[in-house]
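Thanks for coming. I have one structure to go through today, and I will keep it short.

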Amino acid sequence: MKAIDTIRTALKINEFDTALFEDMRDAPLTQPTSKGGNHPLWIVGHLALTEATFREMITGEPNDLQKWKPLFDAGTQPQANASLYPDFDDVLKEYGKQRARNMELLEELGENGLAQPPNAPPQEMPAEFADALFQTNGHAFLTMATHHSFHSGQAADARRAAGRKPLMM
């Protein structure tokens with residue numbers, strides 16, 4: 001198996017989580033714990049933004065979701081006021097669009113392109129962290145997949161907090 005096959009599989013596994021997000025359409029602000037946490041609307045917006053951010057790092061092209069940084073960037077706090085956010089369905093659609101663009105980028109880069117360094121690696125994080133996660137385009141794609149999985153767990157917990165049964169057993 002080649003690196004591109006592993007990365008493609010990891011990213012496709014993330015697609016199963018779309019059902020978690022879609023199922024929260026009627027309760028997008030449900031927080032996963034009694035002490036708060038990331039609600040599904042914030043999670044999907046954050047994932048859409050980070051998909052665009054990863055593509056920006058890999059290609060050096062401008063981030064077309066820059067306007068969403070105040071709402072969904074790392075370190076922002078999910079708010080319980082839906083009027084502060086774009087419509088949930090629009091955010092979910094944007095996430096799908098961003099992921100599709102990254103799947104196309106993966107195929108364009110191919111196996112050889114995964115070994116290349118990103119064109120615009122992150123500057124705002126500590127070097128040892130950036131070097132470990134963004135040393136190559138392949139590292140960036142794997143980080144994208146694991147980042148998605150981390151937040152999908154939060155969405156699953158929000159579903160349970162909303163009284164829903166697990167989608168998969």
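I will go over confidence, then a helix pair, then a single glutamine.

What you see is a predicted model. The protein chain averages a pLDDT of 93, and 99% of the residues score at least 70. Where is confidence lowest, and where is it highest? The low end is helix α6, residues 127-133, with a mean of 72. The high end is helix α4, residues 69-72, at 98.

Next, the helix pair. Helix α3 covers residues 40-59 and helix α7 covers residues 137-161. Their axes lie 10 Å apart, and the packing angle is about 180 degrees. Angles over 145 degrees count as roughly antiparallel, so that is the term for α3 and α7. On the α3 side, the residues in contact include W42, I43, H46, L47 and F54. On the α7 side, they include F141, M144, H147, H148 and H151. Sorted by class, this contact has 11 nonpolar, eight polar and one charged residues.

Now the glutamine, Q98, which sits in helix α5, residues 88-114. Is Q98 buried or exposed? Its relative accessibility is 0%, so Q98 counts as buried.

Which side chains does the Q98 side chain reach with polar contacts? One is the side chain of R55, at 2.4 Å. Another is the side chain of D64, at 3.4 Å. Setting aside neighbours within four places in sequence, Q98 is in contact with A48, E51, A52, R55, D64 and L65. Of these, E51 also appears in the α3 contact with α7.

That is what I have; questions are welcome.

Definitions and conventions
Residues are numbered from 1 along each chain as its sequence is written. This is a predicted model: local features need pLDDT of at least 70, side-chain atom pairs count only at pLDDT 80 or more; totals for chains, interfaces and linings use all residues. Side-chain values use heavy atoms; hydrogens and water are left out. Axes are lines fitted to C-alpha atoms, for helices over the stretch in contact, and angles run from 0 to 180 degrees between N-to-C directions. Helices (H or I, at least four residues) and strands (E, at least two) are DSSP runs, numbered from the N terminus. Angles under 35 degrees count as roughly parallel, over 145 as roughly antiparallel, 65 to 115 as roughly perpendicular and the rest as oblique. Contact means heavy atoms within 4.5 Å. Ala, Val, Leu, Ile, Met, Phe, Trp, Tyr, Cys and Pro count as nonpolar, Asp, Glu, Lys and Arg as charged, and the others, Gly among them, as polar. pLDDT is the predictor's confidence in each residue, from 0 to 100. Buried means under 20% relative accessible area, exposed over 50%, partly exposed in between (1.4 Å probe, protein chains only). A polar contact is a pair of N or O atoms within 3.5 Å; within protein, one must be able to donate a hydrogen and the other to accept it, and residues adjacent in sequence count only if both atoms are side-chain atoms.
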